[in-house]
Amino acid sequence: MADGQLFNNILLGGRGGTNQGQLRIHSGGIVWRKQGGGKVVEMGKPEISSLSWTRIPKGYQLGVKLKAGLNVKFNGFREQDVDNLSNFMTNTLGVTPEEKQLSISGRNWGEVNLEGNMLTFLVGSKPAFEVSLADVSQTQLQGKNDVVLEFHVDDTTGANEKDSLMELSFHIPNSNTTFAGDEATPPAQIFREKIMSMADVGPSGAEAVALFEDIAILTPRGRYTIELHLSFLRLQGQANDFKIQYSSVVRLFVLPKSPHTLVVITLDPPIRKGQTFYPHIVLQFAMEELAECALSMNEELLNTKYKDKLEPSYKGLSHEVFTQILRGLSAAKVTQPGKFRSSQDGYAVRASLKAEDGILYPLEKSFFFLPKPPTLILHEEIEYLEFERHGTGGASSISSHYFDLIIRLKSEQEHQFRNIQRNEYHNLFNFISSKGLKIMNLGDAHGTSGVAAVLENSDDEAVDPHLERIKSAREGGAGEDSDEEDEDFIAEKDDAGSPTDDSEEEQSDASESEETKEKPAKKEVKKKEAPVAKATGTKRKKKDEEEDGGKKRKLKKKKKDPNAPKRAMPGFMFFSQIERENVKKSNPGIPFTEVAKALGERWKKMSAEEKEPYESRAKADQKRYKDAMAGYKSGPTNIIDSGNESDSE
């Protein structure tokens, strides 16, 4: 990038700042974006007051002081970055960074400097440590000389940090001249009052600014009472209690889902419940529910800090009242549905993700799947999208009414939204195209009209290579639903067949004349399963006249000869038997169908050398099967299903 310099793996300093991100410094200012999406910190060139470098363990820290009094820290720079970046910032931002030396004497006696939102403890004029006053929740005066600072118990901080600072105590002697006082007001009390004014903390047990009772929350599930305070919000339920600082609120979403409206609070870092993290809190309000709320806030504060942000009282739809108050307190931006409209003139389309049904909102800068699992995908994170049609290659007419949308991210992660109704295709395709997102669908040879034509075509003869590849991958992984059925479905090309399968192939050839024009794709699949045996007889003709669905049910329930040898298994089945439990252990709670899919994907990615042990076992099993079949056929002839053909050739 010509205008600017990019640095990866840069950490945002402060509580909860252990997530890596990308820092861009350009002529217009400084921008930090969390890796994988989420929090964004932007500072324009006119806002920057000063810059500084500080040597810290394992690298350097860049400090940015803003004219508004705030301080922002970025960690993770290398020593060789300091000189080059200093010259660049001097030329482009017009600010020369200064170098700060940390005190490493280990002394705990020094001076306190309060500036902006930072408290700096100085030893010998060098900073020993810094804490953000925005993290201070309460202050207490113990005796005449001790001041205790209590820090927010923030449930989002624990998501990234094993240990958090909870309390810090300062001893201010009466001889202190920085916070000079008198007998009535000792220096310690002046110090406390100064911190209270800068940190904007209220008295212990302060009343909430606004209170919303018995609110349904879908994630984490339950009914909660929501308290909105000056610097944090609290969710109080019967079993859980979460306290979240507004600094962790990244964005608010207001999304209609008739007969309700969903309000989503996006957090970074997320809250944690046990071993589960919740980056999105999904609240559900009745769409037509009304609410009134008078803020519990003194008039002076309302007219100064929250001027033009909050009003003394609110009246209107409950979700609007809640969102307006929370936006005023947290300064978070609100996102609502954009230009996309579904075939039903709605704002979303029905889909399923990871076996969970929900709705997918195509927004102006992102896709959002709700309610569970809430999944936010920013447009800038997407590498490409794919449309996958159901019903290709002879599938049922019911499945052909749906299609899947696959979103591939630049991080190589993939989200597959299944079972989207076919009549939503045009709206989705046009919306995605208007956003300039890359559609890797049906091969590059097809244009927009080609994609539409294939999705609209109900004729199963319209088979494209991309969908055939998806279908083949599914067949490779889906064969694990039942071990007994796997043995009947998967067969090697040189398999001599078994008595239980001859009748199936007889039926296939008997109906050849009727199916040649209608379903040639199905005919090819059946030919690959086992060698063909000619069939005659009135019973076969009657079965050919039945519907396709009924015929499949008959085939599955066909009586088998219990004395027939067990068919040979391919290498993939030996691999599945060994690795199935490993997949379950590494992915607790994974659905059964996802296990099969995961095994199929792993098998496709394996090299020939890695597959060799399993293929060797398959060859040995094939030999066992042929020998057993030779012995079986040399014995008494077995008649299956009262057919006219015997098993002997």
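Which residues is Leu283 in contact with, leaving aside its neighbours within four places in sequence? The legends below start from that residue, in a predicted model.

**View 1. Surroundings of Leu283.** Leaving aside neighbours within four places in sequence, Leu283 is in contact with Ile215, Ala216, Ile217 and Ile226. Thr261, Leu262, Val263 and Ile265 also touch Leu283. Phe322 completes the list of its contacts.

**View 2. The largest nonpolar core.** This core holds 37 residues. Leu228, Ile265, Leu283, Phe322 and Ile325 touch the most other members. Helix H4, residues 318–330, gives the most to this core, with five residues. Apart from this core lies another, of 25 residues. Among the members of that other core are Phe7, Trp53, Tyr60 and Val64. In soluble globular proteins, nonpolar side chains tend to be buried together.

**View 3. Helix H14 against helix H16.** H14 spans residues 571–586, and H16 spans residues 608–634. The two helices pack at an angle of about 120°, with their axes 7 Å apart. H14 is therefore oblique to H16. Their crossing is right-handed. On the H14 side, the contact is made by Gly571, Phe574, Phe575, Ile578 and Glu579. These meet Tyr614, Glu615, Arg617, Ala618 and Asp621 in H16. By class, the contact of H14 with H16 has five nonpolar, one polar and four charged residues.

**View 4. Helix H14 against helix H15.** H15 covers residues 592–605. The axes of H14 and H15 come within 10 Å and cross at roughly 120°. That angle makes H14 oblique to H15. The crossing of H14 with H15 is right-handed. From H14, the contact draws on Gly571, Phe572, Phe575, Ser576, Glu579, Arg580, Val583 and Lys584. H15 supplies Val595, Ala598, Leu599, Gly600, Arg602 and Trp603. By class, the contact of H14 with H15 has seven nonpolar, three polar and four charged residues. Gly571, Phe575 and Glu579 of H14 appear in the contact with H16 and in the contact with H15.

**View 5. The chain around these close-ups.** The secondary structure of the protein chain comes to 16 helices and 31 strands. Of its 649 residues, 44% are buried. Among contacts with a separation of 6 or more, 54% join residues 24 or more positions apart.

Definitions and conventions:
Residues numbered from 1 in each chain as written. Predicted model: local features only at pLDDT ≥ 70, side-chain atom pairs only at ≥ 80, totals over all residues. Heavy atoms only, no water. Axes fitted to C-alpha atoms, helices over the stretch in contact; angles between N-to-C directions. Helix = DSSP H or I, 4+ residues; strand = E, 2+ residues; numbered from the N terminus. Parallel < 35°, antiparallel > 145°, perpendicular 65-115°, else oblique. Left-handed = near helix turned anticlockwise from the far one by under 90°. Contact = heavy atoms within 4.5 Å. Nonpolar A, V, L, I, M, F, W, Y, C, P; charged D, E, K, R; others polar. Core = buried A, V, L, I, M, F, W, Y, C linked by side-chain atoms within 4.5 Å. Buried < 20%, exposed > 50% of the residue type's maximum accessible area, 1.4 Å probe, protein only.
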